[in-house]
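Student: Please take one residue in the core of this structure and go through its surroundings closely. After that, set it against the rest of the model.

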Amino acid sequence: MPAYATTMRIKFPVLALGLEVVTIILFALFAEYDDGKGHGHHPEPGNSTPHAAPEDPMSLYPMFQDVHVMIFIGFGFLMTFLKRYGFSSVGGNLLLAAFGLQWGLLTQGFWHLTDGKIKINIFKIINADFSTATVLISFGAVLGKTSLVQLLIMTVLEIGIFAINEHLVANVFEANDVGASMIIHAFGAYFGLAVARVLYRPGLKNGHENDGSVYHSDLFAMIGTVFLWMFWPSFNSAIAEPGYTQLMAVINTYLSLAACVVSAYAISCLVEHKGKLDMVHIQNATLAGGVAVGTCADMNIGPFGAMLIGFVAGIISTLGFKYLSPILAAKLGIQDTCGVHNLHGMPGILGGLAGIVAVALGKKDGKAAMQAAALASSLGFALVGGVITGFIMKLPFWAQPPDQNCFDDSIYWEVPEEEEEHEESLTAEHYKNKAEV
Amino acid sequence: MPAYATTMRIKFPVLALGLEVVTIILFALFAEYDDGKGHGHHPEPGNSTPHAAPEDPMSLYPMFQDVHVMIFIGFGFLMTFLKRYGFSSVGGNLLLAAFGLQWGLLTQGFWHLTDGKIKINIFKIINADFSTATVLISFGAVLGKTSLVQLLIMTVLEIGIFAINEHLVANVFEANDVGASMIIHAFGAYFGLAVARVLYRPGLKNGHENDGSVYHSDLFAMIGTVFLWMFWPSFNSAIAEPGYTQLMAVINTYLSLAACVVSAYAISCLVEHKGKLDMVHIQNATLAGGVAVGTCADMNIGPFGAMLIGFVAGIISTLGFKYLSPILAAKLGIQDTCGVHNLHGMPGILGGLAGIVAVALGKKDGKAAMQAAALASSLGFALVGGVITGFIMKLPFWAQPPDQNCFDDSIYWEVPEEEEEHEESLTAEHYKNKAEV
Amino acid sequence: MPAYATTMRIKFPVLALGLEVVTIILFALFAEYDDGKGHGHHPEPGNSTPHAAPEDPMSLYPMFQDVHVMIFIGFGFLMTFLKRYGFSSVGGNLLLAAFGLQWGLLTQGFWHLTDGKIKINIFKIINADFSTATVLISFGAVLGKTSLVQLLIMTVLEIGIFAINEHLVANVFEANDVGASMIIHAFGAYFGLAVARVLYRPGLKNGHENDGSVYHSDLFAMIGTVFLWMFWPSFNSAIAEPGYTQLMAVINTYLSLAACVVSAYAISCLVEHKGKLDMVHIQNATLAGGVAVGTCADMNIGPFGAMLIGFVAGIISTLGFKYLSPILAAKLGIQDTCGVHNLHGMPGILGGLAGIVAVALGKKDGKAAMQAAALASSLGFALVGGVITGFIMKLPFWAQPPDQNCFDDSIYWEVPEEEEEHEESLTAEHYKNKAEV
């Protein structure tokens, strides 16, 4: 593939500026501040939970900021584990989430118009941030193998499809998914895996020298891991019913994640060569408890129930990284860079199933079927939407990287010359050669 | 310049301990906790906005912590992009902000005494943190070319001048500047640029080998960028009127920043060689939307109005980095290390102008003139104050670094021997030589 | 010591999974959500302070999240300063804290049963996070010289002993220790030092090549330092009486830390070679003000009183790192990797003494003696508990590392091959040799 094909020089600015201008126009037409005086200012219908009492429009703000940190620091740094792809990871994450939240406000808002307008409040911007999480999960599946042009297209399509499925789950099925195990985690993972399958690159079958970490890139990734881990109770409780229900969502998530850490470490040690821990497991599988407890976080599953869910999620996720991911890549052609199937896919389904069981045990007639419909719908929209999106992303003029430039920032970013201070200690000759590169 | 001239051994401890002792004495004389029983416990006059209802003195605390993170992590890590100046950046930031917030409490407090005392509450410590932001912005302009002795002097003078200008803007002009585009961002930037002009170093005209980044230093800087970006809605709304006005300030900042990211990325790609993104733009210009929407964040400019401001700010800021900064350095002798003119200077003026327009359109008679006076006053105090401060900092006994030691931690910090694990893989001879250095 | 002795392959998974299963069973038997309807739902007796008003069970949640960040990011990254021990530091911190918070909920909860159950609420999970801080402080003393098997054993024992001492201090002595200078900081430090003494390694008397930092590991550590520094006001005020008392705790901690930074920098410069600052001091001694003001944070010591405490703490802590730590290692055989004696030990005692003085000056009869008893009890339990725990940890089958593998992640972690991109620029021959290692 000749070099000019991969430059984003014209394509990316045109697409980005075009999308932003259209978005601003749509906001001018449809978006207003929520001033608390809306015609019939009812609790938000989405997710079947009322939002903050109308008298304090800022009461959810600390929750929002926790979620905001998960989206921009959590997801962004989690993906910096690759040795030469940190700029694209944290930088791409910032771009996709910043555009995505605007797009999510619109696509979700069109389902919930008040007097023909989208009334923006804290509840709505939490959901806008949530909508970007689907894209960031899918981003993980195709990390290193796509251009920002392709990824912007994915953002537009995925958030649009997400908003349809969310509407169906929350308002038609009236299913419970407070922490979004199904509508965000499973959806985002299987959407991304479908895209990855369509974009399959046989040339990477035997690996790529840059598809790995270095010591400090693994530490940068841990910044993402730990911020995600800490604020996950906010993610799962942000839109829960205020009061004791919200408290329950916090406690369930807190305990599920704690139990998950212990089982993920134990299994990582058990399955690895010489009993050594693997950073990939620690960075990812420790979070599976937050995903898996999402759907039933606000249900009365008992503290020990939450811990059981996290405990099992940590085991499944670690085993998935160790044994399932290589099979998916080799047999099914699904090259899942970050292993989102193990962190978001399987634990998301586990969360959906746990929700069905919890609702069934709660003896709410007919509700379990609606939970099952929600899970099926999320997976269906993800797979079909992902395949279609994948084929659009595969069109040959979106500046995609050639195989040999995958996992390498320098194709799309100005990258500083390599740490000259090391080379300086070498011979001057070497240094000169280097500078000329 | 002989080596002994640059040691801080005596000068720095004497100055720092002396300043701290004086500060503690002033606190003993003038500072008290705000116990809610103050004589005439009115809303704070500063910024013409009431603070939290007296019945909960902690209601602003989460906002305070967000601002606190911006000051210490945000500004601190944003400046770690230089390859060999990370200790000075995050460490200098911590020192200047920690002393500055004490000094700011005093200098701002003297304008608002209650019963002859400064009554400390959350509103006051938010404003103390704010006052340090001016110094941290100016620090960016002279980064790498000043000693901590010089910087402590700058802190004392700049925060004092800031407090005068703030009093004028808020209490005399009664201008609106809720997010401080004028009194912090434009002020801090032009103050720092004036200092940088006075401290002009012809020896650095052709650049310096350490005035650049390495791969991982750019990732450290992104920690600063992303934390600033995420919490900026808190910065612009922390002292807004509680309730829907504060909500509006949050939403305007959230949307302005989101639009700004998209335009900054697009323009960076457009102007760079081969359409590659430039980390300098991504680290900085993505934040310009937060600066530019500051003054009118709590005004009813509409969601799309906020987005327009952010969109334009992202463009102006990126173009400034690319085309204006080199001209300022070459023609005007302003060596602006971090490009604060592009992140805080121009967007700050844009914010002030947007505030004038918004007020004028709001048909508040006479108010627009007061906004203009506030902008002029902020620029005037900054430039005059910066020049005077610059000449004081230029006195030849403040342990300033020689040109060749600029941008290098090792002149003021114990720096670990260079990553021995790399050298170990080289010849033993080389390693020995290294160890003897 | 043969290699098989150090593998954790079987020991660690068995211990970790066993502990977690037991913990889940205990939760099933004893733990419930606090639904606000508990029999006699009184304020928490612990720490003699009432918790949030029952009508909003989430009011302490933002405080909880600040403390959560200190535990997982703060402590975790503070210990990443070692050049080759970052995985173990931040990863070990995550494991110990995640298990410890579950264990702490149980061991603290058994002293405060309601209707035979531990009723989990935000107040309780704050205290659970607090309990893990003791272990993380002790972890700092033995960092680099212990296996995760040993550390899990330490976690179980230390948190159990902590819960006994806390009960004694809070409920029997009814002493004040709102910021836990005594029951967490002094306790954790002297417990860890006692363990370190028992585990004394003569083979490390002359240092170890990996017992030091590299440039970027020092920057990672600063992430920990700054997050601890920023959120310390939340740590010291989280369980204070709501309202003006809590405000006072925030302001005292804010000011103590600010003054501490200035004195720590000044003394570091004064005592170091050529007046250079030492990163070890900056990373640690700047935090001593938060420790030292802990006990009397919620007392009316005046803003300047808080600053004086911080100022003195910064001096003592820095001098401790410079002069005392080498003596403890050489004369007493206490190899304190992170210098927890200087950050938590001495400042913790200073905090306890300041509390005695503040209570005595407050003329509360008999209270000063109770404060002194609390300090003595904390030190006694720490030293005796630490020695016993140390001997248990010394049993020769806990997969402890041999001297030559201390401070090295690669004994327990899969570590990526060393930054190939540097070597690639060297000769191909060298690269090949490297790859074969």
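Tutor: Leaving aside neighbours within four places in sequence, Phe12(B) has contacts in two chains of this predicted model. In chain B the partners are Leu95(B), Leu148(B), Val149(B) and Leu152(B). From chain C come Tyr265(C), Ala266(C), Cys269(C) and Leu277(C). Phe12(B) belongs to the largest nonpolar core, a set of 459 residues. Within that core, Phe12(B) and Phe12(A) are the residues that touch the most other members.

Elsewhere in chain B, Thr245(B) is part of helix 8, which covers residues 244-271. Thr245(B) counts as partly exposed because its relative accessibility is 21%, and the buried class takes in values under 20%. The C-alpha atom of Thr245(B) is 5.8 Å from that of Asp298(B), although 53 residues separate the two along the chain.

Chain C offers a helix pair to look at. Helix 2 of chain C, residues 61-78, packs against helix 3 of chain C, residues 86-109, at an angle of about 145°. Their axes are 8 Å apart, and the crossing is right-handed. On the side of helix 2 of chain C, the contact is made by Ile71(C), Phe72(C), Phe75(C), Gly76(C) and Phe77(C). Helix 3 of chain C contributes Ser89(C), Val90(C), Asn93(C), Leu94(C), Ala97(C), Ala98(C) and Leu101(C). Sorted by class, this contact holds nine nonpolar residues, three polar ones and no charged ones.

Chain A, which supplies Phe12(A) to the core, has 15 helices and two strands. Of its 437 residues, 69% are buried. Among contacts in chain A between residues at least 6 apart in sequence, 82% join residues at least 24 apart.

As for confidence, the model scores ipTM 0.93 and pTM 0.94. The average pLDDT of chain A is 91, with 90% of the residues at 70 or above. Over residues 40-54 of chain A, however, pLDDT is below 50, and the model gives this stretch 39 contacts beyond near neighbours in sequence. Residues 420-437 of chain A also stay under 50, with 25 contacts beyond four places in sequence.

Key. Residues numbered from 1 in each chain as written. Chains lettered and ligands numbered in written order. Predicted model: local features only at pLDDT ≥ 70, side-chain atom pairs only at ≥ 80, totals over all residues. Heavy atoms only, no water. Axes fitted to C-alpha atoms, helices over the stretch in contact; angles between N-to-C directions. Helix = DSSP H or I, 4+ residues; strand = E, 2+ residues; numbered from the N terminus. Left-handed = near helix turned anticlockwise from the far one by under 90°. Contact = heavy atoms within 4.5 Å. Nonpolar A, V, L, I, M, F, W, Y, C, P; charged D, E, K, R; others polar. Core = buried A, V, L, I, M, F, W, Y, C linked by side-chain atoms within 4.5 Å. Buried < 20%, exposed > 50% of the residue type's maximum accessible area, 1.4 Å probe, protein only. pLDDT = per-residue confidence, 0-100.
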